[in-house]
Amino acid sequence: MLGFSIAAPVGPIGVLCIQRTLSKGRISGFSSGLGAASADAVYGAIAGFGITVVSSLLLDHQTAIRVCGGLLLLYLGVQSFRAEPAETPVATSDVHGLAKDYGSTFLLTITNPVTIIAFIGIFTGLGVGMSGEYAEAAMLVSGVFFGSTLWWLTLSVSVSLFRTRFTRSVMRRVTQLAGVVIVGFGLLALWSAM
């Protein structure tokens with residue numbers, strides 16, 4: 001439940017996942033979401049296992065990390081805005097393309113150091129990490145990963161079901177809108193870093 005609820009709010013990663021599902025197919029969208037779920041699990045592990053050195057490092061350098069994330073969002077938003085949608089989703093057997101989808105959303109999610117603060121707050125509220133029980137923390141981190149993964153699977157499958165109802169011109173507008181929204185999130189990330 002925790003992983004599902006952390007992943008569910010639609011932000012730049014959600015928009016990117018929807019855009020990739022519409023333009024490349026559900027496997028690409030899910031692969032993108034899996035990158036975000038993996039980054040959530042990394043942050044969950046940092047918070048759950050009390051790796052204070054890493055979390056302190058991330059928090060100390062959060063401005064630079066936000067700038068990198070903002071620039072990456074700007075790049076992906078411009079690419080999305082300029083992309084021409086395919087008539088049908090492109091072949092999803094391209095392992096390199098799926099790895100690129102996974103890696104880009106992993107990087108975007110991991111460059112949001114505010115996430116570590118959220119996890120620390122949630123885990124502290126639940127009392128995780130206080131007792132030194134690593135099994136408890138591991139179970140919670142696994143739950144975060146699988147809950148988040150379930151959200152991204154649900155989103156990519158749901159969006160792909162509506163893919164056939166969109167004409168090419170509607171797909172073009174959706175792709176452009178996704179690009180504008182992603183650029184907006186990039187600008188917001190850069191502004192918040194200042």
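**Exercise 1. Two helices at an angle**

H5 and H6 are oblique to each other in this predicted model. Task: explain why H5 and H6 count as oblique, then work out which residues bring them together.

*Solution.*

Step 1. Start with the geometry. H5 covers residues 62–82 and H6 covers residues 95–110. Their axes come within 9 Å, crossing at roughly 140°.

Step 2. Now pick the category. An angle has to be over 145 degrees to count as roughly antiparallel, and the roughly perpendicular band runs from 65 to 115. The crossing at roughly 140° fits neither band, so H5 and H6 are oblique.

Step 3. Add the handedness: H5 passes H6 in a left-handed crossing.

Step 4. List who touches whom. On the H5 side you'll find Ile65, Gly69, Leu72, Leu73 and Leu76, and they meet Ser104, Leu107, Leu108 and Ile110 of H6. Sorted by class, that contact has seven nonpolar residues, two polar ones and no charged ones.

**Exercise 2. H6 from another side**

Task: H6 also meets H3. How do their axes cross, and which classes of residue make up the contact?

*Solution.*

Step 1. H3 spans residues 26–48, and its axis comes within 7 Å of the H6 axis. The crossing angle is roughly 35°.

Step 2. Here the crossing is right-handed.

Step 3. Go through the contact list. H3 brings in Ile27, Ser28, Ser31, Ser32, Leu34, Gly35, Ala36, Ser38, Ala39, Asp40, Val42 and Tyr43. From H6 come Leu98, Asp101, Tyr102, Thr105, Phe106, Thr109 and Ile110.

Step 4. Sort them. You should end up with 10 nonpolar, seven polar and two charged residues. Ile110 of H6 is worth a second look: it turns up in the contact with H3 and also in the contact with H5.

**Exercise 3. The two ends of the chain**

Task: H2 and H9 are packed against each other. Are they roughly parallel or roughly antiparallel, and where does Leu16 fit in?

*Solution.*

Step 1. H2 is made of residues 12–24, and its axis crosses that of H9 at roughly 155°, coming within 10 Å. Angles over 145 degrees count as roughly antiparallel, so that is the label for H2 and H9. The crossing is left-handed.

Step 2. Residues Pro12, Val15, Leu16, Gln19, Leu22 and Ser23 of H2 meet Met171, Val174, Thr175, Ala178, Val181, Ile182 and Phe185 of H9. By class, the tally is 10 nonpolar, three polar and no charged residues.

Step 3. Zoom in on Leu16, which sits in H2. Its relative accessibility is 2%, and because buried means under 20%, Leu16 is buried.

Step 4. Check its neighbours. Setting aside residues up to four places away in sequence, Leu16 touches Leu76, Thr105, Leu108 and Ile182. Leu16 and Ile182 are 166 residues apart along the chain, yet their C-alpha atoms are separated by 7.4 Å.

**Exercise 4. Buried, partly exposed or exposed?**

Task: place Leu155, Ser158 and Thr164 in the right accessibility class, and find a sequence-distant partner for each one.

*Solution.*

Step 1. Leu155 belongs to H8. At 11% relative accessibility, Leu155 is buried. Leaving out residues up to four places away in sequence, Leu155 touches Gly14, Cys17 and Ile18. The C-alpha distance to Cys17 is 8.1 Å, across 138 residues of sequence.

Step 2. Ser158 is in H8 too. Its relative accessible area is 31%, which puts Ser158 in the partly exposed class. Thr21 is 137 residues away in sequence, with 9.5 Å between the two C-alpha atoms.

Step 3. Thr164 lies in the loop between H8 (134–162) and H9 (168–193). With a relative accessible area of 71%, Thr164 is exposed. From Thr164 to Leu22 is 142 residues in sequence and 9.1 Å in space, C-alpha to C-alpha.

**Exercise 5. Zoom out**

Task: how many helices does the protein have, and what share of its contacts between residues at least 6 apart in sequence is made by residues at least 24 apart?

*Solution.*

Step 1. Count the elements: nine helices, zero strands.

Step 2. Turn to the contacts. Taking those between residues at least 6 apart in sequence, 89% join residues at least 24 apart. The contact of Leu155 with Cys17, 138 residues apart in sequence, illustrates the point.

Step 3. Finish with the surface. Of the 194 residues, 43% are buried. The protein exposes about 9900 Å², and 72% of that comes from carbon and sulfur atoms.

Conventions:
Residues numbered from 1 in each chain as written. Predicted model: local features only at pLDDT ≥ 70, side-chain atom pairs only at ≥ 80, totals over all residues. Heavy atoms only, no water. Helix = DSSP H or I, 4+ residues; strand = E, 2+ residues; numbered from the N terminus. Buried < 20%, exposed > 50% of the residue type's maximum accessible area, 1.4 Å probe, protein only. Contact = heavy atoms within 4.5 Å. Areas by Shrake-Rupley, 256 points an atom, 1.4 Å probe, with all protein chains shown as cover. Axes fitted to C-alpha atoms, helices over the stretch in contact; angles between N-to-C directions. Parallel < 35°, antiparallel > 145°, perpendicular 65-115°, else oblique. Left-handed = near helix turned anticlockwise from the far one by under 90°. Nonpolar A, V, L, I, M, F, W, Y, C, P; charged D, E, K, R; others polar.
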